[in-house]
Each structure stands twice: as structure tokens, then as C-alpha cells.
Amino acid sequence: MASKSWLNFLIFLCGSAIGFVLCSQLFSVLLGEQGDTQPTILHNDPHARHLDDNGQKHLKGQMHFNADTSQHKDENTDIPENLYQKVKILCWIMTGPQNLEKKAEHVKATWAQRCNKVLFMSSEENKDFPAVGETREGRDQLYWKTIKAFQYVHDHYLEDADWFMKADDDTYVILDNLRWLLSKHNPEEPIYFGRRFKPYGKQGYMSGGAGYVLSKEALKRFVDAFETEKCTHSSSIEDLALGRCMEIINVEAGDSRDTIGKETFHPFVSERHLIKDFLPKTFWYWNYNYYPPIEGPGCCSDLAVSFHYVDPTTMYELEYLVYHLHSYGYLYRYQPALPENTKGQKSSIQK
């Protein structure tokens, strides 16, 4: 009788163990599928490394979204074309050898085409892409890469542009909106623009991920500051270190908000700003903004300039949404004033 009881007990233990293993495997599968559908969680640190590419399917080859011009042949592009000639912007994109095909080529196929001049700054020269090789790879090299890139731009292309923009290879920039913003300012004044954060300095600093743009005078002062040792490579945190240097050399941190106070430079992709409660209130973002941040649709200007953490697929989605999709017969609500020197270029639909 006792042996039978022990046998039943052993059968119960074995059944329980098998059931536990099967249940744990089932939960692992379910949680794994759920994890695949969840948005990637950003590091709760404004200066943390970029999102990893682990598990991400990379697009192979560029997509030529703007190859078919038949639907756009009657568009009136006088204003952006006029601004293209009057507000000249050199864009340099921070990238690396491992990201030329994964990320940089999709920047090259989309928004970078609207820069007056574009450079891809890497740690290795690539004449086919092309990319300029200036420094070593690594997150601790970001500020060195930034310093070297601006020095290279200053030495080779100073007279080719009025404004000089740094962006990452996962940043999307609407150049036409940036030109409108910059058209109100003089590139001979020491000023720079971006998404302004408030810690670590009287005037704060500009988010590296959202991109920032220096006037010609600001670029001159920045390069000179390292030659005269007014600024040094004191930190590996690129955007913060550059902001501290700008304050030392009296380069103004400009207000990049639009005429109704909405932000134009954005450190995340659009949904993280537009969707309420997407970013938890304990997230660093809420304490870093120089101007009071707005959550929800009021977060972002209709003339937004940039978004960050943009993967290649989203890069093309934004290209389509910004430059192709529109509602029939719709006249835009928000039409801020044009600069005085471009008012003669108003399109007939605006008159």
C-alpha cells in the first residue's frame, strides 16, 4: 500500500514538472511575440547610445521615391526654390562604415538631396559612397568626430554655404522648413539652432540627435576656439560639450520654435511626441526641455524640421508623407509670414 502511494506521488511530481516546463515555454513564446510588437524602449538617459539594430531587418538598396515626377509637374515650387538659392545649407551626416548601407544610404536617397551640399563623415574614407574619414569609431569619439567634421567643413566648404547642419544617420530633416526658419536670421551673426535643452549651462545646449545648425560666424568661432584653446575636448558627450563651447565663445542659442511657440526640432520619432503618455513622466525628456514641453498634437509645429531615431523604413514613410501625400483642395491653416526678400515669390494659390 505504501509503495503504491509513493508511486502515485512520483507520478504527480513528474506530471507537475512536465506541466511547469510546458507552461514556461508557452509563456516564453507568448511574451516573445508580445515583445516583438512593443516599441523599443529608449534609454532613460539623454546621452545614452543610439538604439541597437539587433533583430532589425535592413532595407537593401535605395528607393527612389522622387523618380516619378508626373504627379508633381504642375506644382508651384517657386518659394522653396527661391529659399534654396538664398538660404544655403551644408549638411554633414555623422555615420560609420558599418552604417553606410544600413542607414546612411537611405538618408542620401531622401532628405539629404535637398541640402545645398551634403557630406557623410565617417571613421574611414569611402570614395564610392562617398564618405569622409576623419576619426576613430566609438561613442567616446563622437565629440572628436564633431570637432574634426566642423574643422573639415570650415577648411574646405566655408564659402559654399551660409549655415552648417550636423545630423545623425537616423535623423530625418525637412530642409524646406529649416530654410524658412533660418531665412529670418543673418548667418553672419553668431547663433545656432536645434532642440534646446536647459541643464548644464546658462543658455543650455542643443540636442545632438535632433540635429543642430550653426551660422557661418558660429562655425568660424567654433573652429577658432580649438586653435586658440578657448575650448577643449573636455567630454565625450558631443551635444553637451558643444553647447558649453558655444556659451564660452558667445554664440547664442537661438529659439527654433515657430511663430506660435511650437517646437520644430524633435529628439524622437513623431509618435513619441504626438501620443499622450507614450513617454513616462519619469523619463529624462520632461526635465530637459528649455521651453515647457507639450504632450500630444500640440507638441509639434506644422513646419517641423527634424525627427530622431528614424529607421530606414520610417525614413521613406516620412518622405512620402511630407512630399507626396496631401488632401485634395486643402489650403493649409498655418501660413507664417515669408521673409521680406521672398514675398514676391508667392504662389498663385496663396494670393
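**Burial, disulfides and surface in a predicted model**

Student: What makes helix H7 count as largely enclosed by the rest of the structure?

Tutor: In this predicted model, eight of the 11 residues of helix H7 (residues 238-248) are buried, so the helix is largely enclosed by the rest of the structure. Buried here means under 20% relative accessible area. The residues that meet this cut-off in H7 are Glu238, Asp239, Leu240, Ala241, Leu242, Gly243, Cys245 and Met246.

Student: Which elements do the buried residues of H7 pack against?

Tutor: They pack against helix H4 (142-157) and helix H6 (216-227), and against strands S4 (163-168), S6 (191-194), S8 (205-206) and S9 (212-215). Contact in this sense requires heavy atoms within 4.5 Å. After H7 comes Asn250, whose phi is positive, near 60°.

Student: How do you know that Cys231 and Cys245 form a disulfide?

Tutor: The criterion is a pair of cysteine sulfur atoms within 2.5 Å. The sulfur atoms of Cys231 and Cys245 are 2.1 Å apart, and the pair forms a disulfide. Cys231 lies in the loop between H6 and H7 and Cys245 in helix H7, so the bond ties together parts that are 14 residues apart in sequence. Both cysteines are buried.

Student: Why is the disulfide of Cys231 and Cys245 called right-handed?

Tutor: The torsion about its S-S bond is about 100°, so the disulfide is right-handed.

Student: How many disulfides does the structure hold, and how are the bonded cysteines paired?

Tutor: The structure holds three disulfides. With the bonded cysteines of the chain numbered in sequence order, the pairing is 1-2, 3-4, 5-6.

Student: What handedness does the disulfide of Cys91 and Cys115 have, and why?

Tutor: This disulfide has an S to S distance of 2.1 Å. The torsion about the S-S bond is about -100°, so the link is left-handed. Cys91 lies in strand S1 (residues 89-94), while Cys115 is in the loop between helix H3 (100-109) and strand S2 (117-122), so the pair ties together parts that are 24 residues apart in sequence. Both Cys91 and Cys115 are buried.

Student: What makes the pair Cys299 and Cys300 a disulfide?

Tutor: Their S to S distance is 2.3 Å, and the cut-off is 2.5 Å. The link is left-handed, with -90° about the S-S bond. Cys299 and Cys300 are both buried.

Student: How do you know that the buried residues of H2 line one face of the helix?

Tutor: The buried residues of helix H2 (residues 78-86) are Ile79, Asn82 and Leu83. Seen down the axis of H2, they fall within an arc of 100°, so they line one face of the helix. What covers them includes helix H5 (175-182).

Student: Why is Leu321 called partly exposed?

Tutor: Partly exposed denotes the range between the buried limit, under 20%, and the exposed limit, over 50%. Leu321 has 46% relative accessibility, so it counts as partly exposed. The residue lies in helix H10 (residues 312-323).

Student: Which residues make the nonpolar surface patch that includes Leu321?

Tutor: The patch is made by Tyr320, Leu321, Val322 and Leu325, and has an area of about 340 Å².

Student: What values describe burial, exposed area and contacts for the chain?

Tutor: Of the 351 residues in the chain, 46% are buried. The chain exposes about 19,000 Å², of which carbon and sulfur atoms supply 53%. Among contacts between residues at least 6 apart in sequence, 76% join residues at least 24 apart. The secondary structure comes to 10 helices and 11 strands.

Key. Residues numbered from 1 in each chain as written. Predicted model: local features only at pLDDT ≥ 70, side-chain atom pairs only at ≥ 80, totals over all residues. Heavy atoms only, no water. Patch = residues over 30% accessible without salt bridge, like charges linked within 9 Å, V, L, I, M, F, W, Y side chains within 5 Å. Areas by Shrake-Rupley, 256 points an atom, 1.4 Å probe, with all protein chains shown as cover. Salt bridge = Lys/Arg side-chain N within 4 Å of Asp/Glu carboxyl O. Helix = DSSP H or I, 4+ residues; strand = E, 2+ residues; numbered from the N terminus. Buried < 20%, exposed > 50% of the residue type's maximum accessible area, 1.4 Å probe, protein only. Arc of directions from axis to C-beta.
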